[in-house]
Amino acid sequence: HFVSPQNVREGALAVGRSYRYFPAGTIHVAVVDPGVGTHRRPIAFRAGNHTFVGPDNGLFSLVIEEARVNGWPLEIVVLDNPTYWLPNPSNVFHGRDIFAPAAAWLAAGVALHDLGTKINDPVMLDLPRPVVSENEIAGEVIAIDHFGNLSTNVEDGLWSDWGSVEVLVAGKVISGLVKTFGERPVGDLVALFGTDHDLSISIVNGNALEQLNAGLGTKVIIRRKAI
């Protein structure tokens with residue numbers, strides 16, 4: 001529930017980052033669904049050893065992309081068999097009336113293909129990718145947590161050596177990266193790799209979102225310092 005209301009992209013990041021820490025065989029129900037009751041499809045799918053249930057609005061983009069890139073088994077169905085819904089479903093509460101029952105039936109042993117019609121064209125979000133060159137990475141803020149830390153789409157695997165860099169964000173220049181918040185005094189602006197190995201911008205014991213007047217889409221440039 002730390003996902004901002006109606007923010008499908010933020011929900012997609014949360015799902016893509018978290019599902020892998022659950023045991024194989026887990027059924028994940030995820031609902032960030034501003035289009036509930038419209039033409040958007042309700043879906044369930046199995047990607048590798050995990051199963052997902054929710055709206056077909058891009059919420060599962062990172063999971064589906066990862067499955068395709070790695071060649072994992074991927075089976076997706078539209079939940080169009082009302083046998084596995086609650087009776088008389090509401091137009092605005094598919095989480096209760098369609099998604100939760102579908103997950104319960106799957107947990108009880110019903111086959112995925114019994115829940116509906118197979119598809120291969122799920123909605124996929126166009127998520128921003130960093131632009132990488134020899135001496136610079138151009139990324140952007142893609143998520144903000146409740147502490148005001150700014151998470152970017154720049155991951156630590158994009159370069160082999162981060163030893164001497166500077167980070168430019170919202171008109172500020174951060175010299176070098178830190179490994180922990182405690183390396184700098186309270187109030188300092190820092191850059192470090194967070195829990196998901198993504199470059200994050202933070203204020204030590206403060207709120208980078210408020211102090212930088214930044215937000216989703218704010219550009220972040222990482223460049224090597226000249227020797």
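Student: What makes E11 count as largely enclosed by the rest of the structure?

Tutor: Look at burial in this predicted model. Buried means under 20% relative accessible area, and 4 of the 5 residues of E11 are buried, so the strand is largely enclosed.

Student: Why are E11 and E12 called a pair?

Tutor: Two strands pair if there are at least two bridges between them. E11 and E12 have 5 bridges, in the antiparallel sense, so they pass that cut-off. For one of the bridges, look at Ala191, whose partner in E12 is Ile201. The two strands form a hairpin with 4 residues between them. In the turn, His197 has a positive phi of about 60°.

Student: Which residues touch the most other members of the largest nonpolar core?

Tutor: They are Leu150, Trp162, Val167, Ile174, Ile201, Leu212 and Ile222, out of 20 residues in that core. Several elements each supply at least two residues to this core, among them strand E7 (136-144), strand E9 (165-169), E11, E12 and helix H4 (208-212).

Student: How do you know that Val167 is in contact with residues beyond its neighbours in sequence?

Tutor: Contact means heavy atoms within 4.5 Å. Leaving aside neighbours within four places in sequence, the contacts of Val167 include Ile174, Leu177, Ala191, Ile201, Val220 and Ile222.

Student: What about a second core?

Tutor: There is a separate one of 17 residues, including Ala30, Leu59, Val63 and Ala67. As a general point, nonpolar side chains in soluble globular proteins tend to be buried together.

Student: Why is Ile64 called buried?

Tutor: The cut-off is under 20% relative accessible area. Ile64 comes in at 1%, so it counts as buried. Its place is in helix H2. Leaving aside neighbours within four places in sequence, Ile64 is in contact with Phe45, Leu74, Ile76, Pro122 and Met124. Pro122 sits 58 residues away along the chain, with 8.6 Å between the two C-alpha atoms.

Student: What makes E2 a mostly covered strand?

Tutor: Same kind of check as before: 5 of the 6 residues in E2 (residues 42-47) are buried.

Student: How do you know that E2 pairs with E3 and with E4?

Tutor: Count bridges against the minimum of two. E2 and strand E3 (residues 50-55) are joined by 6 bridges and run antiparallel, while E2 and strand E4 (residues 74-78) have 5, again antiparallel. Both counts reach the minimum, so both are pairs. Phe45 has Phe52 as its bridge partner in E3, and Ala47 stands opposite Leu74 in E4. The hairpin of E2 and E3 has 2 residues between the strands, and Gly48 takes a positive phi near 60° there.

Student: What lines the second largest pocket?

Tutor: The lining has 23 residues, with Leu13, Arg17, Leu62, Arg129 and Glu155 nearest the centre. Helix H1 (8-18), helix H2 (61-70) and E8 each supply at least two of them. By class, you get 9 nonpolar, 5 polar and 9 charged residues. The space in this pocket is about 620 Å³.

Student: And how much of the whole protein is buried?

Tutor: Of its 227 residues, 44% count as buried. The secondary structure comes to 4 helices and 13 strands, and the C-alpha atoms fill a box of roughly 65 × 35 × 30 Å along the principal axes.

How values were computed
Residues are numbered from 1 along each chain as its sequence is written. This is a predicted model: local features need pLDDT of at least 70, side-chain atom pairs count only at pLDDT 80 or more; totals for chains, interfaces and linings use all residues. Side-chain values use heavy atoms; hydrogens and water are left out. A nonpolar core is a set of buried Ala, Val, Leu, Ile, Met, Phe, Trp, Tyr and Cys residues joined through side-chain atoms within 4.5 Å. Buried means under 20% relative accessible area, exposed over 50%, partly exposed in between (1.4 Å probe, protein chains only). On a 1 Å grid over the protein atoms alone, a cavity is a set of points where a 1.4 Å probe fits but cannot get out, and a pocket is an open set with protein on both sides within 12 Å along at least five of seven lines; lining residues have an atom within 4 Å of a point. Grid points are joined across faces, edges and corners, and a volume is the space filled by probe spheres set on the points. Ala, Val, Leu, Ile, Met, Phe, Trp, Tyr, Cys and Pro count as nonpolar, Asp, Glu, Lys and Arg as charged, and the others, Gly among them, as polar.
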